[in-house]
Amino acid sequence: MLDINFIRENRALVKKGMQNKGEKNIEIVDQVLQKDEEWRSMVTRVDRLRAEGNKKAKRIGELMGQGKREEAQKIIKETGDNKIEVKKLEADLSELQDQRDQLLYQIPNVPDNSVPVGHSEEDNQVFKTWGEPADTNWMLPHWEIAADKNWIDFDRGSKVTGAGFPFYIGQMARLQRSLINFFLNEAVEKGFTEIQAPYFVNEDSARGTGQIPDKEDMMYTIPRDGFFAIPTAEVPVTNFHRDEILSLEELPIFYTAYTPCWRREAGSYGKDVRGLNRLHQFDKVELVKFVHPDNSEAELETLREYAESLLEKLNLPYRTLLMCTGDMGFTQTKKYDLEVWSPGQRRWLEVSSCSNFGSFQARRMQLRFKNEKGKTEMVHTLNGSGLALPRIVASILETFQTESGDVRIPEVLQPFMSCERI
RNA sequence: GGAGGGAUGGCAGAGUGGUCGAAUGCGGCGGUCUUGAAAACCGUUGAGGCGCAAGUCUCCGGGGGUUCGAAUCCCUCUCCCUCCGCCA
């Protein structure tokens with residue numbers, strides 16, 4: 001969420017940001033400021049009453065200590081009304097605060113200046129392209145290759161769990177394991193600390209990174225225990241430092257984590273769901289950064305470059321999009337998507353998304369650090385996929401398929417696969 | 001799953017109804033001394049809200065209650081530890 005004082009001082013900017021992100025409910029900014037106004041005046045009232053009560057209680061203590069019972073009793077009698085009044089106003093106060101915060105939660109992060117304004121994916125800017133997308137007729141889509149080789153079993157996945165939960169078999173299981181190892185090794189080499197995270201999180205964590213309340217429906221739930229199956233490692237890893245005050249020297253902190261990811265993908269049935277394009281469970285290596293506010297812009301660029309380097313090492317043609325305001329999401333200030341070329345489908349597939357959240361997540365999580373002046377300040381958080389597996393697998397199968405039906409293995413994966421083709 | 005014990009500032013650890021946001025020690029920061037450092041000594045050192053400020057309020061795991069007054073008493077939840085049972 002945004003800082004209420006920031007909104008107070010930048011009302012127009014926040015509104016413009018909302019507009020650019022395609023939010024209809026711009027008046028919410030005025031509403032939240034109105035509520036804040038009410039809340040603040042209520043705080044003053046309550047504090048004044050509490051101060052009065054405190055003073056009396058203190059005086060009573062003194063008198064009791066001196067053995068002046070009667071005088072004390074006299075003051076005790078006076079306190080009754082004040083006490084009732086305070087109780088009532090405290091209730092009002094917390095209600096006002098709830099109302100204010102609920103509005104606050106509905107205000108999205110303000111896009112960075114460098115983000116192009118636009119409504120839909122058509123307005124995203126192609127930031128970079130790399131490699132030469134193959135465009136020939138003979139190349140098969142990955143699901144046909146996988147079916148030929150009996151590498152992926154979608155039907156049995158459906159039987160055992162449901163659509164979007166495939167089995168990977170033999171060399172395909174090994175390919176996935178190789179990719180995970182490759183991605184983790186690369187990240188560790190770049191200074192990311194490898195961490196293994198829980199696959200379920202509680203409600204506070206889901207709120208901390210912004211899945212609640214904005215994207216609640218994306219997650220699978222375990223209601224009996226109040227857990228959510230993680231839709232990305234971002235959630236547990238970013239929440240790792242929730243409610244902490246880090247020291248200046250600890251920053252920046254870089255983590256990488258492999259986890260499965262679960263997404264309900266409600267509402268997207270029937271759309272681009274062929275093969276590995278869209279699954280309910282998939283594997284991903286995630287990168288998370290906690291940085292000094294001064295550095296988050298630059299850190300986003302290095303994060304993007306790092307993710308791009310992985311695709312280059314795999315020799316997969318890709319393009320990088322700078323997402324426009326309307327397509328970037330609620331919590332981000334700026335976001336890049338990396339899309340790999342799928343020659344069998346002749347389309348781009350998103351395999352990474354690198355985002356800067358500024359202090360938006362940190363504020364929800366109360367994740368702070370002591371700055372140069374010794375003051376506590378919100379850290380900035382970023383994350384990026386490095387990378388999501390299924391579409392990488394799809395692209396590898398399609399890009400490196402041979403006319404004999406085999407698939408060549410990218411050189412960087414050969415040590416993990418112990419072979420050059422499968 | 002059963003029984004018991006616990007949760008206090010960066011850490012350790014006192015505090016069981018009254019001036020306690022909290023002793024003391026360690027750690028951190030500043031200073032004295034020193035060529036420099038160490039030691040010693042002195043001082044300082046939690047987070048947050050409202051307010052131009054003076055100031056004031058809140059926070060001793062979370063929530064609720066008793067009381068003029070709660071870190072301290074009661075209820076409840078969560079987590080941790082010990083023992084028993086079960087178990088990859």
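**Figure 1. Helix α3 at the surface near RNA strand B.** In this predicted model, helix α3 contributes 14 residues to the surface near RNA strand B, and no element gives more than α3 does. In total, 22 residues surround RNA strand B, and the closest of them are Arg40, Asp47, Ala57, Lys370 and Thr376. On the side of the strand, sugar and phosphate make up 70% of the atoms of RNA strand B that come within 4 Å of the protein. Sorted by class, the residues of this surface are 8 nonpolar, 5 polar and 9 charged.

**Figure 2. Polar contacts between the protein and RNA strand B.** Three residues are picked out in this view, beginning with Thr44, where an N or O atom of the side chain is 3.3 Å from a sugar or linking oxygen of RNA strand B. For Arg368, an N or O atom of the side chain is likewise 3.3 Å from a sugar or linking oxygen of RNA strand B. Ala57 takes part through its backbone, since a backbone N or O atom of Ala57 lies 2.9 Å from a base nitrogen of RNA strand B. The elements that give two or more residues to the surface near RNA strand B are α3 (28-65), α4 (69-104) and β14 (368-370).

**Figure 3. The largest nonpolar core and the place of Leu179 within it.** The general background is that nonpolar side chains in soluble globular proteins tend to be buried together. In this model, the largest nonpolar core has 54 residues, and those with the most contacts inside it are Trp151, Met172, Leu179, Phe183, Leu311 and Ile392. Helix α7, which runs over residues 171-189, gives the most to this core, with 8 residues. If residues up to four places away in sequence are not counted, Leu179 touches Leu314, Leu389, Ile392, Val393, Ile396 and Leu413. There is also a second, separate core of 18 residues, which includes Met1, Met18, Val32 and Tyr105.

**Figure 4. Helix α12, a mostly covered helix.** Helix α12 is formed by residues 389-399, and 10 of its 11 residues are buried. The buried residues of α12 are Leu389, Pro390, Ile392, Val393, Ala394, Ser395, Ile396, Leu397, Glu398 and Thr399. Among them, Leu389, Ile392, Val393 and Ile396 are touched by Leu179, the residue shown in the view of the core.

**Figure 5. Glu186, a buried residue of helix α7.** Glu186 lies in helix α7, the helix that gives the most to the largest nonpolar core. Glu186 counts as buried because its relative accessibility is 14%, which is under the 20% used as the limit for that term. When its neighbours within four places in sequence are left aside, Glu186 is in contact with Tyr306, Leu310 and Lys313.

**Figure 6. Thr325, a buried residue in a loop.** Thr325 is found in the loop between β11 (318-322) and β12 (334-342), and because its relative accessible area is 2%, Thr325 is buried. A polar atom of the Thr325 side chain lies 2.7 Å from the backbone oxygen of Asn20, and a polar atom of that side chain lies 3.0 Å from the backbone nitrogen of Gly118. Apart from neighbours within four places in sequence, the residues in contact with Thr325 are Asn20, Lys21, Pro111, Val115, Pro116, Val117 and Gly118.

**Figure 7. Asp217, an exposed residue in a loop.** Asp217 belongs to the loop between α8 (203-208) and β6 (221-222). Asp217 is exposed because its relative accessible area is 56%, a value over the 50% needed for that term. Although Asp217 and Ala266 are 49 residues apart along the chain, their C-alpha atoms are separated by 7.1 Å.

**Figure 8. Cys261, a buried cysteine outside any disulfide.** A search of the whole structure finds 0 disulfides. Cys261 is accordingly in no disulfide, and the nearest cysteine sulfur, which belongs to Cys354, is 14 Å away. With a relative accessibility of 0%, Cys261 counts as buried.

**Figure 9. Chain A, the setting of the close-up views.** Chain A has 13 helices and 16 strands, and its C-alpha trace spans about 100 × 45 × 40 Å along its principal axes. Of its 422 residues, 50% count as buried. Among the contacts in chain A between residues at least 6 apart in sequence, 73% join residues at least 24 apart.

How values were computed
Residues are numbered from 1 along each chain as its sequence is written. Chains are lettered from A and ligands numbered from 1 in the order in which they are written. This is a predicted model: local features need pLDDT of at least 70, side-chain atom pairs count only at pLDDT 80 or more; totals for chains, interfaces and linings use all residues. Side-chain values use heavy atoms; hydrogens and water are left out. A residue is near a molecule or strand if one of its heavy atoms lies within 4 Å of it. A polar contact is a pair of N or O atoms within 3.5 Å; within protein, one must be able to donate a hydrogen and the other to accept it, and residues adjacent in sequence count only if both atoms are side-chain atoms. Helices (H or I, at least four residues) and strands (E, at least two) are DSSP runs, numbered from the N terminus. Ala, Val, Leu, Ile, Met, Phe, Trp, Tyr, Cys and Pro count as nonpolar, Asp, Glu, Lys and Arg as charged, and the others, Gly among them, as polar. A nonpolar core is a set of buried Ala, Val, Leu, Ile, Met, Phe, Trp, Tyr and Cys residues joined through side-chain atoms within 4.5 Å. Buried means under 20% relative accessible area, exposed over 50%, partly exposed in between (1.4 Å probe, protein chains only). Contact means heavy atoms within 4.5 Å. A disulfide is a pair of cysteine sulfur atoms within 2.5 Å.
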